[in-house]
Amino acid sequence: MSKVNPYLRFPSGRTIKDVKCDAKRFARTADISHTRALDTLVRVNGLDMCWAEAMNELFRAQHRDR
């Protein structure tokens with residue numbers, strides 16, 4: 001898979017870039033792994049799947065919209 005545009009948006013309106021930054025902060029404050037923070041924030045931002053699946057879905061959506 002090629003690189004996913006970091007400015008693609010989750011259903012909540014947050015960008016991938018924003019969610020990654022949120023996850024970094026969340027992992028530190030909640031004392032959890034970065035992976036777990038990403039997985040949690042994907043769900044908070046409207047997709048019921050793990051981070052890797054969400055990236056695949058957003059990537060596919062990016063190419064469907066062209």
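**Exercise 1. Thr15 and its contacts**

Which residues does Thr15 touch in this predicted model, leaving out residues up to four places away in sequence? Then state where Thr15 sits and whether it counts as buried or exposed.

*Solution.*
Step 1. List the contacts. Thr15 touches Pro6, Tyr7, Leu8, Arg9 and Phe10, with residues up to four places away in sequence not counted.
Step 2. Place the residue. Thr15 belongs to the segment before H1.
Step 3. Classify its accessibility. The cut-off for buried is under 20% relative accessible area. Thr15 has 5% relative accessibility, so Thr15 counts as buried.
Step 4. Look for a polar partner. The Thr15 side chain reaches the backbone nitrogen of Asp18, at 3.0 Å.

**Exercise 2. Packing of H1 and H3**

At what angle do helix H1 and helix H3 pack, and how far apart are their axes? Work out whether the pair is roughly parallel or roughly antiparallel.

*Solution.*
Step 1. Choose the descriptors. Two packed helices are described by the angle between their axes and the distance between the axes.
Step 2. Read both values. H1 covers residues 16–30 and H3 covers residues 51–64. Their packing angle is about 170°, and the axes lie 13 Å apart.
Step 3. Assign the orientation. Because of this angle, H1 is roughly antiparallel to H3. The cut-off for that label is over 145 degrees.
Step 4. Name the contact residues. H1 supplies Ile16, Val19 and Lys20. H3 supplies Trp51, Met55 and Leu58.
Step 5. Sort them by character. Five residues of this contact are nonpolar, none is polar and one is charged.

**Exercise 3. Trp51 in H3**

Which residues does Trp51 touch, not counting residues up to four places away in sequence? Decide whether Trp51 counts as buried or exposed.

*Solution.*
Step 1. Locate the residue. Trp51 lies in helix H3.
Step 2. Check its accessibility. Relative accessibility is 12%, so Trp51 counts as buried.
Step 3. List the contacts. Trp51 touches Phe10, Ile16, Val19, Lys20, Leu38, Asp39 and Val42, with residues up to four places away in sequence left out.
Step 4. Cross-check with H1. Ile16, Val19 and Lys20 are the H1 residues of the contact with H3.
Step 5. Relate Trp51 to Thr15. The two are 36 residues apart in sequence. Their C-alpha atoms are 13 Å apart in space.

**Exercise 4. The two faces of H2**

Which residues of helix H2 are buried? Find the helices they pack against, and name the exposed residues on the face turned away.

*Solution.*
Step 1. List the buried set. In H2, residues 34–44, the buried residues are Ala37, Leu38, Leu41 and Val42.
Step 2. View H2 down its axis. The buried residues fall within an arc of 135°, so they line one face of the helix.
Step 3. Find the partners. The buried residues of H2 pack against H1 and H3. Leu38 and Val42 are among the residues that Trp51 touches.
Step 4. Turn to the other face. Thr35 and Arg36 are exposed there, on the face turned away from the buried side.
Step 5. Move past the helix end. Gly46 follows H2, and its phi is positive, near 105°.

**Exercise 5. The loop between H1 and H2**

Where is Asp31, and what is its phi? Compare the accessibility classes of Asp31 and Ser33.

*Solution.*
Step 1. Place both residues. Asp31 is in the loop between H1 and H2. Ser33 is in the loop between H1 and H2 too.
Step 2. Read the phi of Asp31. The value is near 55°, positive in a residue other than glycine.
Step 3. Classify each one. Asp31 has 71% relative accessibility, so Asp31 counts as exposed. Ser33 has 41%, so Ser33 counts as partly exposed.
Step 4. Add a distance. Ser33 and Ala23 are ten residues apart in sequence and 9.3 Å apart, C-alpha to C-alpha.

**Exercise 6. Three more residues of H3**

Does each of Gln62, Glu53 and Arg60 count as buried or partly exposed?

*Solution.*
Step 1. Start with Gln62. This H3 residue has 16% relative accessibility, so Gln62 counts as buried. Gln62 touches Val4, Asn5 and Leu8, not counting residues up to four places away in sequence.
Step 2. Take Glu53, found in H3. At 44%, Glu53 counts as partly exposed. The C-alpha atoms of Glu53 and Asp39 are separated by 9.6 Å.
Step 3. Finish with Arg60, found in H3. At 43%, Arg60 counts as partly exposed. Arg60 and Ala37 are 23 Å apart in space, C-alpha to C-alpha.

Methods: Residues numbered from 1 in each chain as written. Predicted model: local features only at pLDDT ≥ 70, side-chain atom pairs only at ≥ 80, totals over all residues. Heavy atoms only, no water. Axes fitted to C-alpha atoms, helices over the stretch in contact; angles between N-to-C directions. Helix = DSSP H or I, 4+ residues; strand = E, 2+ residues; numbered from the N terminus. Parallel < 35°, antiparallel > 145°, perpendicular 65-115°, else oblique. Contact = heavy atoms within 4.5 Å. Nonpolar A, V, L, I, M, F, W, Y, C, P; charged D, E, K, R; others polar. Buried < 20%, exposed > 50% of the residue type's maximum accessible area, 1.4 Å probe, protein only. Polar contact = N/O pair within 3.5 Å; in protein donor to acceptor, adjacent residues only side chain to side chain. Arc of directions from axis to C-beta.
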